[in-house]
Amino acid sequence: MSIIMSAQYPEFVNELKSRGFEVIPSKQISCFHQPEQLHADMQVLKIRDKVFTLDNCRRIPGKEYPDNVLLNCLFLGNKLYGKLSAIDETVLDYCAEQKIELVNVNQGYTRCSTLVVNEKAVITADPSIEKTMKQNGVEVLRISPGQIKLDGFNYGFIGGCSGRIEKTIFFFGNIDIHSDYNQIKRFITNHNSILEVLCPKLPLTDIGGIVCI
């Protein structure tokens, strides 16, 4: 399996390579704020077998929100969750063609803010995502915000510091010290998934998640 992710932290890259995954470094998007420039969840979106990149977008991405979240949406259970006014038209058109339901979320950083455990279970600190997901039949574990490192910002997001590969949920850095760690571990285990920490000596870090292709 190939994984697109930031190469800013070689320790995390090497850990995934040692497990047999091919790692493709994300691009540097110079128009974004520096901490977001390498984030895979800001520049690549996969829906089924279709991969969207910022190069494919009709709109030009920008530095400020919402011009930086053209692809920061989440495909889950044949629905696309995101701030619909911010999502690029190429994605919206594809969803219309494929009869994929569009679900509006007030939080434009939808994918950054959501850890997908499986098609019916997610973890987030965002109340708008929690409300919308529950309305669509998804089980949600709501956690406390913060406690995730993101250089240049007060804190990062749970989706950006983690990634799902089949039934394993990888965390980039030490999730154990998160105040909601026990609930997070229990929720993941109860949904038949495995929690694995990469580089536990490093702080829990928002690297922009991963995109499996």
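Is Arg164 buried, partly exposed or exposed? In this predicted model, Arg164 is partly exposed, with a relative accessible area of 30%, and this residue appears both in a salt bridge with Glu119 and in a strand pairing, where its bridge partner in E12 is Ile169. The briefing below takes up the salt bridges and then the sheet.

**Salt bridges between distant parts of the chain**

- Side chains of opposite charge can pair when their charged atoms come close.
- The model holds 8 salt bridges by the rule used here, among them a bridge between Glu119 and Arg164, whose N to O distance is 3.8 Å.
- In that pair, Glu119 sits in the loop between strand E8 (114-118) and strand E9 (121-124), while Arg164 belongs to strand E11 (residues 162-165), and the two are 45 residues apart.
- Like its partner, which is partly exposed at 30%, Glu119 is partly exposed, with a relative accessible area of 39%.
- Asp55 forms a salt bridge with Lys27, and the closest N and O atoms of this pair are 2.8 Å apart.
- This pair links distant parts of the chain, since Asp55 is in the loop between strand E4 (50-53) and strand E5 (74-76), whereas Lys27 is in the loop between strand E2 (22-25) and helix H2 (40-43), 28 residues apart.
- Asp55 has a relative accessible area of 58%, and because exposed means over 50%, this residue counts as exposed.
- Another salt bridge brings together the side chains of Arg58 and Asp93, at 2.4 Å from N to O.
- Arg58 lies in the loop between E4 and E5 and Asp93 in helix H3 (residues 89-97), so this salt bridge ties together parts that are 35 residues apart in sequence.
- Within this pair, Arg58 counts as exposed at 55% relative accessibility, whereas Asp93 counts as partly exposed at 31%.

**A salt-bridge network**

- Glu15, Arg19 and Glu196 are joined into one network by salt bridges that share partners.

**The sheet and the helices packed on it**

- Three strands form an open sheet with mixed pairing, in the order E11-E12-E13, and its edge strands, E11 and strand E13 (194-203), each pair on one side only.
- On average, and with direction ignored, neighbouring strands of this sheet are turned by 20° against each other.
- E11 and strand E12 (residues 168-174) run antiparallel and are joined by 4 bridges.
- Helix H1 (residues 10-18) packs on the sheet and touches E11, E12 and E13, with its direction at about 145° to that of E13.
- Helix H5 (residues 181-190) also packs on the sheet, touching E12 and E13, and its direction makes about 150° with that of E13.

Definitions and conventions: Residues are numbered from 1 along each chain as its sequence is written. This is a predicted model: local features need pLDDT of at least 70, side-chain atom pairs count only at pLDDT 80 or more; totals for chains, interfaces and linings use all residues. Side-chain values use heavy atoms; hydrogens and water are left out. A salt bridge is a side-chain nitrogen of Lys or Arg within 4 Å of a carboxyl oxygen of Asp or Glu. Buried means under 20% relative accessible area, exposed over 50%, partly exposed in between (1.4 Å probe, protein chains only). Two strands pair if DSSP finds at least two bridges between them. Axes are lines fitted to C-alpha atoms, for helices over the stretch in contact, and angles run from 0 to 180 degrees between N-to-C directions. Contact means heavy atoms within 4.5 Å.
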